[in-house]
Amino acid sequence: MESFVYSPLPHKIIFGRGSTRQLPQCLRALGFRRPLVLSTPYQIEQARQITEILKPHVEDASIFSEATMHTPLGITEKALRFCQDKESDVLISIGGGSTTGLGKAISFRKDLYHIAIPTTYAGSEVTPILGETVDRIKTTQTNISILPKTVIYDVDLTLTLPLPMSLTSIINALAHGVEALYAPNVNPIVSLMAIEGVRALARGAVQLLDDPDSISARSTCQYGAWLCGTCLGSVGMSLHHKLCHTLGGSFNLPHAETHTIVLPHALAYNAPKVPKAMEALASALPTSNGDALHGLNSLLNRLGVPRSLGSIGFREDDIDKAADISVSKSYPNPRDIDRDLIREVIRRAWAGEDAR
Ligand code: NAD
């Protein structure tokens, strides 16, 4: 057995259909009386459902519904003023990674308890990582006090996520599990979570295709998203996440779609250096026939998700710039980062060619 370090994340996970009904009990146990519920403008109805559950049990429950992709500082400052005016004593974020990000940004600055209720599969709710944007430049920081203290996974809140967004969000989650398998600081628990998470996500995604309202399929996907998100929050990520950070941050490409398109290409680049991870991944992907890359490609084709960066607005003229930015800072990766080969990875992803 190789040496390893394992530090479990200090948070509470409440998983199960209808579990948002436990919120009043949760707040009472913690002594909070003035919750602030966060959402995007598109999910204000779900935020209202939460305040309706809470109102009979608290002094005041308010809503701030302006959460925005990439957590721009201007919105965080506005939310901070609102939170101050309302004298809120606890934050409840309901939404995808964007809303969780706003919850983290406020909680980190004001040292407020944060309960995250995720409604996509992105996984931000179980990471101590915060990405924020100032003047269109996105920077990330990691600090254990950024981690939401309680996470409630209630499958009912994911039913409204449209199928195409659900499928790319599932692959976004799967990418955390894939890169965890070859992380420099991986440990046996994270490997187990990654394999189980990938298996659950792949199975749930295929079931969702047949029935997008299936509680069982969506619950399986949430379970996989929790496991793979925990991998993201526990170990360092490599080439795939760096490429997606560059493409999302510098070229404003949509987060989950970018992850979906880049993943097979980043995996193909690293494959020769990570045979054990490829073997483990192949065992978790259906129809892989022992070949992880084949298994991933056939899963993506079956799901009918976007396969080319060109189709989501990335321009051929920007390939060189993206390659330069991607190699400008060093980071751990199983295979040495070669600028020209990375350019080719991005070009293939732009063109939507088969990953090889
Ligand atoms: P998102 O949060 O931006 O959501 C996309 C849209 O879908 C929003 O309009 C949202 O309101 C809507 N939506 C979400 N759930 C819905 C539901 N159940 N029903 C109907 N509409 C719903 O998308 P995302 O992919 O979850 O998050 C992306 C953001 O999160 C990016 O900024 C990314 O950088 C960040 N992120 C951060 C981490 C981290 O660890 N810090 C991890 C993953 C993602």
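Helices here are DSSP runs of H or I with at least four residues, numbered from the N terminus, and with that settled I can point you to Glu-87, which comes just after α3 and takes a positive phi of about 50 degrees. Please keep in mind throughout that we are looking at a predicted model, one in which the mean pLDDT of the chain is 96 and 100% of its residues reach 70 or more. For the complex, the predictor reports an ipTM of 0.99 together with a pTM of 0.96.

Let me stay with the helix that precedes Glu-87. α3 runs over residues 73–86, which makes 14 residues, and the distance from its first C-alpha to its last is 20 Å, close to the 20 Å expected at 1.5 Å a residue. Which of its residues are buried? They are Ile-75, Thr-76, Ala-79 and Cys-83, and because these cover an arc of only 95 degrees around the axis, they sit on the same side of α3. Turning to the other side of the helix, we find Leu-73, Gly-74, Arg-81, Gln-84 and Asp-85, which are exposed. As for what lies over the buried residues of α3, the cover includes the strands β2, at 35–38, and β3, at 62–64, as well as the helix α4, at 97–110.

I would now like to set α2 beside this, the helix made of residues 44–54, in which Gln-46, Ala-47 and Ile-50 are buried. Viewed down the axis of α2, these buried residues fall within an arc of 105 degrees, and so they line one face of the helix. Glu-45 and Glu-52, by contrast, are exposed on the other side of α2. The packing partners of the buried residues of α2 are α1, which spans 23–30, then β2 and β3, and finally β4, which spans 90–95. You will notice that β2 and β3 have come up twice, since they pack against the buried residues of α2 and also belong to the cover over those of α3.

Let me close with the chain as a whole, which is divided into domain 1, residues 12–158, and domain 2, residues 163–351. How far apart do the C-alpha centres of domain 1 and domain 2 lie? The separation is 26 Å, and across the boundary 16 residues of domain 1 are in contact with 20 residues of domain 2. On the domain 1 side that touches domain 2, the residues divide into eight nonpolar, five polar and three charged.

Definitions and conventions: Residues are numbered from 1 along each chain as its sequence is written. This is a predicted model: local features need pLDDT of at least 70, side-chain atom pairs count only at pLDDT 80 or more; totals for chains, interfaces and linings use all residues. Domain bounds come from an automatic or database domain assignment. Two residues are in contact if their C-beta atoms, placed from the backbone, lie within 7 Å. Ala, Val, Leu, Ile, Met, Phe, Trp, Tyr, Cys and Pro count as nonpolar, Asp, Glu, Lys and Arg as charged, and the others, Gly among them, as polar. pLDDT is the predictor's confidence in each residue, from 0 to 100. Helices (H or I, at least four residues) and strands (E, at least two) are DSSP runs, numbered from the N terminus. The expected span of a helix is 1.5 Å times one less than its number of residues. A residue is buried if 20 or more other C-beta atoms lie within 10 Å of its own, exposed if 12 or fewer, and partly exposed in between; C-beta atoms are placed from the backbone. The arc is that of the directions from the helix axis to the C-beta atoms.
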